[in-house]
Every structure is written in C-alpha cells, then in structure tokens.
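Reader: I am new to this structure and would like to know how the words used for it are earned. Could you take me through it slowly, setting each value against its cut-off?

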Amino acid sequence: MPELKILGGKPQYERWVPVSQPTMPDYGTFTERLKKLWDSRMITVGDYTAELEKRVAAFLGVKHVVAVNSNTAGQLLVLRTMGLKGEVILPSFSFCVTAHVLRWTGLTPVFVDVDPKTCTIDPAKVEEAVTPRTSAIIGVHLWGNPCRADVLQDIARRRKLRFITDAAQAIGARLGGRPVGGYGDAEIFSCSPTKLLTCGEGGFVATNDSEIDANVRRGRIYGMKPDYDCEFNGLNARMSEFNAAFGLGSLEDLDKNMRNRKERFAQYRQLLSKLPGISFPEATPGAEPNGIYFTVYVDADAFGLTRDELYEALLAEHVLVKKYFDPPLHRMTMYQGEAKRDLAVTERMCKRVLTFPLYSHSTPEMVEQIVALVARVQKDAARVRAALAAAA
Ligand SMILES: *Cc1c(COP(=O)(O)O)cnc(C)c1O
C-alpha cells in the first residue's frame, strides 16, 4: 500500500477531488431549448423562467415560486419587502449569507445556539431570545436536513413574528411528510452550482402568501411599477433564460439525482461507522434529508486525530473536505461585535464537523476509495500527528 502524502508518499489523487460538483443535465435537451430561446430573442425572464417557476411550485406544493438570480437576492428581497425592523433571530451555525442579508437590510442579527444532534437552530433557544425588538426568525435547513420549521412556525405565530428559512441547501428535503418550501412566510432556495438543483446561478422564493409573491416579483425588477414609479428599492434579481433552460434540465433529473445521492450518503455512513471516533448528525424528527452534504462529527480522543489534523491529512491527498461551518457566523471578523447569546453547542460542534466530497453522480468506487483513505489515516494516526507537528 502506498505511503500517505503526509508521511512522505504521493497524494492519492493527482487532481483535486472537490467537495461538490454540479451534475450536468442532458446536453441534447439543453441545446434544443437554447435554439428556441435564440430564435425567440427572449433572453431574460421569459417562457423558461415561467415554466421553471410553475414546475418548482408544483414540486414543492406551494402556491407561488419566484425565480431570482441567487438565494442571496431572494432573501434580501423578502426581508426588504416585509418592512422589518430591529432584531432577527438566526443560528450562528450557518453560511455567511444568512447574516449578510441582515446587514444589507439594516437589521440586527441575534445569534442563537443549535441542537447538538442536528446542528440546526434550537427552538427553545429561539424562544428565550425573543425581545420586544424582535421582528423575525430565520431558520436554516442545514446540510439538506430541515430545521424544526414546524415548531418555529408555531413560535412565530404565537409571538407575532415573521418566520422565513434559508432553504438554500434544501430542495427535495421533507418534513412532516411534505417537501420543505411551504413553512413560515417564505422559504428561499439556491440553485448555484453546488446545490442539488442547479441553474448555473439562481434561486427561488417559495411562499403561500400572494403579497410576498407580488412584492418579490416587483422587487426583482428594481421595485419598479409599470408606470416606472417605485415604492421601495428593489434589485435587478432577474433570472436569465439561459439559467432557466439549464434549470429545467436539472429539475427533470432531480429525483434520479437525489436517489443516487442518498444511496452514496448511506454507503459513506455505513463504511465510516466502522471507524472509531466518527459519528453522524441525526435527521430532525419527522424529516427526510435530501443528502446534499455528507458531514461527520470527529471525536479527537477516539479517532486519534483532531478534526483539523484529519482535514490537513486529507487535503494533502488532494481530497477537498470542508469545515461546514467553521468559523460560525459570530466568530467571523465582521460579526464579532454583535451581541451573543450562549453559543456553547455551536462552539463545540463547529470544531468537530467535516464534510466529504459527494455529488449526484458519485460512484460507489469514489466513496469506497475515500473511506479507505480515511481508514489509513486513522490507522497511522500517531505518525500522522507527529508529521503534522514537525511540518508546522
Ligand atoms: C449556497 C448557500 C447560500 C447562497 O446561495 P446563493 O444562491 O449563492 O446566493 C446561502 N445560504 C446557504 C445556507 C447556502 O448553502
């Protein structure tokens, strides 16, 4: 067996293995759609965008879906057009965008802690953080596993707050027997290249509220009315027809892609569970995650290496594992000044998480090879640790 790179050998992979990779839709169908749009001269918000909106709404089981050019723009427009003020409660354990949209709209983030089993926002902590200044709650469906949107929706109703989710990673994930998308006031999806359904770039605002639907539709064209008057400052958040044409193909493959992903996810889990010190996030009660990210918890004592040591060893082999999400938001330079609640679980869990490469087109061999590599690193833990220390 060849020596690990960190112990003087060659990397297992010559070319980097990225953590995620888009699964391309059928090329022939895409070019046929492209030809039609070429001839129509409709290259932004046209028939393909309308068709995609209709089909995503049907898939999610919601009344309205507005296609936009990113999840970021979708969240911004929802927050702006709801006219919120004051504080918004969100988990610190998320991607930067969940907090950035609050900075852009002049809202104050209040970071709360997560449930250690799922790393999704803890509803009890949300309840404790509500003040007279609170106007909304943002839940995050993390790694494709839904947060307790059912419970959070009830808290929001009771406390007269708005509730939205950053559903960027969650297309196809289910909670309470139905796809997420219809919880709270709005749920906002991403279809950037790393997501399960991709348009190249893009996002969707899903809502059952016709006022939010109308406002986001107006907001994506600068906030402009047909007579050019504006009542609020919108964005150019239109989805181009090129992206929508790509997205239609990706949507047609979604069930198949999700099925394969879940199989590879289960395989990873089954194989890695044989190693000491590796455990897994749980699915939220009543939830079916979509399998988008395969994340493990590393216990340093049992595994023999810390999460960071394992990360370094795998990077040396050209396996681009990721620390989703470390640093958490409240540790980021720009959010360090924000008031913090007790974030002990976030602090502990962010040091243990590691996300492995997984695509909708991953093969069983890919998963086997990566797991075998992790097993080799684990077996040689003491030497790996010494080599890393010597190199530091
Ligand atoms: C990908 C992602 C985003 C950003 O989506 P864009 O479409 O790139 O704006 C936001 N939040 C989370 C949790 C994400 O994973």
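Author: Let us begin with Glu 53, which has a relative accessibility of 8% and counts as buried. The model is a predicted one.

Reader: What makes 8% relative accessibility enough for Glu 53 to count as buried?

Author: Buried means under 20% relative accessible area, and Glu 53 is at 8%, so the word applies. This residue is found in helix α2, which spans residues 47–60. Not counting residues up to four places away in sequence, Glu 53 touches Val 65, Val 66, Ala 67, Arg 217 and Arg 220.

Reader: Why is the approach between the side chains of Glu 53 and Arg 217 called a polar contact?

Author: A polar contact needs a pair of N or O atoms within 3.5 Å, one able to donate a hydrogen and the other to accept it; the side chains of Glu 53 and Arg 217 make such a contact at 3.3 Å, so the name is justified.

Reader: What can be said of Thr 98 by the same reasoning, and is it buried or exposed?

Author: Thr 98 has its place in helix α4, and its relative accessible area is 0%, which is under the 20% limit, so Thr 98 is called buried. The side chains of Thr 98 and Asp 166 are joined by a polar contact of 2.9 Å. Leaving aside neighbours within four places in sequence, Thr 98 is also in contact with Gln 75, Leu 90, Ile 138 and Val 140, among others. Thr 98 and Ile 138 are 40 residues apart in sequence, while their C-alpha atoms are 8.0 Å apart in space.

Reader: Which residues of helix α4 are buried, and what do they pack against?

Author: In α4, residues 97–104, the buried residues are Val 97, Thr 98, Ala 99, Val 101 and Leu 102. They pack against helix α3 (71–81) and against the strands β2 (87–91), β3 (108–112), β4 (134–140) and β5 (162–166). After α4 comes Gly 106, with a positive phi near 70°.

Reader: How do you know that β9 is mostly covered?

Author: Strand β9 covers residues 203–207, and five of its five residues are buried. Gly 203, Val 205 and Thr 207 point one way from the strand, whereas Phe 204 and Ala 206 point the other way, and all are buried. In a regular strand the side chains alternate between the two faces of the sheet.

Reader: What makes β1 and β8 partners of β9?

Author: Two strands pair if at least two bridges are found between them. Strand β1 (residues 64–68) has five bridges to β9, in the antiparallel sense, and strand β8 (residues 186–190) has four, also antiparallel, so both pairings meet the requirement. Within them, Val 68 has Gly 203 of β9 as its bridge partner, and Phe 189 stands opposite Phe 204.

Reader: Why are β7 and β11 said to stand at the edges of their sheet?

Author: Three strands form this open, antiparallel sheet in the order β7-β6-β11. Strands β7 (178–179) and β11 (287–288) each have a single partner strand, so one side of each is left without a neighbour in the sheet. The pairing of β6 (residues 174–175) with β11 rests on two bridges, and Glu 288 in β11 is the bridge partner of Arg 174.

Reader: Why do Cys 199 and Cys 191 not count as a disulfide?

Author: A disulfide requires two cysteine sulfur atoms within 2.5 Å; the sulfur of Cys 199 is 3.3 Å from that of Cys 191, its closest cysteine sulfur, and this is too far for a bond. Cys 199 is nevertheless buried, at 1% relative accessibility. By this rule the count comes to zero disulfides. Cys 147 is in none either, the nearest cysteine sulfur, that of Cys 119, being 13 Å away.

Reader: Finally, how much of the ligand does the protein bury, and which distances go with that?

Author: Oxygen atoms of the ligand lie 2.9 Å from a polar backbone atom of Asn 71, 2.5 Å from an N or O atom in the side chain of Thr 72, and 2.7 Å from a polar side-chain atom of Ser 190. Taken alone the ligand exposes 390 Å², of which the protein buries 89%.

Notes. Residues numbered from 1 in each chain as written. Predicted model: local features only at pLDDT ≥ 70, side-chain atom pairs only at ≥ 80, totals over all residues. Heavy atoms only, no water. Buried < 20%, exposed > 50% of the residue type's maximum accessible area, 1.4 Å probe, protein only. Areas by Shrake-Rupley, 256 points an atom, 1.4 Å probe, with all protein chains shown as cover. Contact = heavy atoms within 4.5 Å.
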